[in-house]
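Reader: Before we look at any one feature, could you take me through how helix faces, buried residues and pockets are to be read?

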Amino acid sequence: MVTYATLVYFYALSFYFQVKPVIVGVIVTLIFTGTFLLPAVAAVLILRIGRIRSLEMTEKQERNWPLVQTAIIYSACYYVFDSEIFQPFIRVFILGALFGMVAALFINLFRKISLHMIGTGGLCGGVAGLMISGEVGSSSLLLAACFILAGLVGTSRLQLGAHNPRELFAGFFVGFGVEFLVMVFLL
């Protein structure tokens, strides 16, 4: 979801973030590697050593190790992007995603929560936070599209039987709240 959000920020809001396409490609590649590829490889390794039964991680106990590893990887991503050569919103968004992972890990100790909805909620919260912070103008169509995407993801998770409505709403509100607050207060 962090990669999708970066693409949304650079392409849907390109008139606010003037960055050369080759730089966008490098940034998106780094973010994809750090926030998707490395956590996916880590999950496969955890599967291989027997800490989880499947990559779906249907039981909440199975999610702890992957969440810890993902939080560590997101911390490294934040460190890599903590430079003046990158747009500030990228660092702040990755920090929000890291806080979302930590919140998911904490909540997961007690209850199962939808990680997919934390991601889509974070996308919605990030766009709303950029709008409120004044980093971008009113992008109500983009925000509406993000909410529709979140609804589609939530519906699919419900249809697959992966979560109940409470887990979906909790995930969405955690993701939205964390990312929104980080964007508003740190940008």
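**Helix α6 and the pockets**

Author: On the face of α6 turned away from its buried side sit the exposed residues L141, I148, L152 and Q159. Exposed means over 50% relative accessible area, buried under 20%, and partly exposed in between, with a 1.4 Å probe and protein chains only. This is a predicted model, in which local features need pLDDT of at least 70, side-chain atom pairs count only at pLDDT 80 or more, and totals for chains, interfaces and linings use all residues. Residues are numbered from 1 along each chain as its sequence is written, and side-chain values use heavy atoms, with hydrogens and water left out.

Reader: Which residues of α6 are buried, and what covers them?

Author: The buried residues in α6 are L142, L143, C146, A150, V153, G154 and R157. They cover an arc of only 115° around the axis, which puts them on the same side of α6; the arc is that of the directions from the helix axis to the C-beta atoms. The cover over the buried residues of α6 includes α1, α5 and α7.

Reader: How is a helix delimited, and what span should α6 have?

Author: Helices (H or I, at least four residues) and strands (E, at least two) are DSSP runs, numbered from the N terminus. The expected span of a helix is 1.5 Å times one less than its number of residues. For α6, with 20 residues, that gives 28 Å, and its end C-alpha atoms are 28 Å apart, which agrees. Just after α6, G161 takes a positive phi of about 75°.

Reader: How should I read a pocket, and what is the volume of the largest pocket?

Author: Rolling a probe the size of a water molecule over the atoms shows where empty space is left. On a 1 Å grid over the protein atoms alone, a cavity is a set of points where a 1.4 Å probe fits but cannot get out, whereas a pocket is an open set with protein on both sides within 12 Å along at least five of seven lines, and lining residues have an atom within 4 Å of a point. Grid points are joined across faces, edges and corners, and a volume is the space filled by probe spheres set on the points. The largest pocket has a volume of about 1100 Å³. Of the 37 residues lining the largest pocket, T35, F36, Y74, L115 and H116 are the closest to its centre. The greatest contribution to that lining comes from α2, with 8 residues.

Reader: How do the residues of that lining divide by character?

Author: Ala, Val, Leu, Ile, Met, Phe, Trp, Tyr, Cys and Pro count as nonpolar, Asp, Glu, Lys and Arg as charged, and the others, Gly among them, as polar. The lining of the largest pocket divides into 22 nonpolar, 11 polar and 4 charged residues. The second largest pocket, with a volume of about 150 Å³, has a lining of 8 nonpolar, 3 polar and no charged residues. The elements that give two or more residues to the lining of the second largest pocket are α6 and α7.

Reader: Is T3 buried or exposed, and which residues does T3 touch?

Author: T3, placed in helix α1, is buried, with a relative accessible area of 12%. Contact means heavy atoms within 4.5 Å, and T3 touches V28, I31, F32 and T35, not counting residues up to four places away in sequence.
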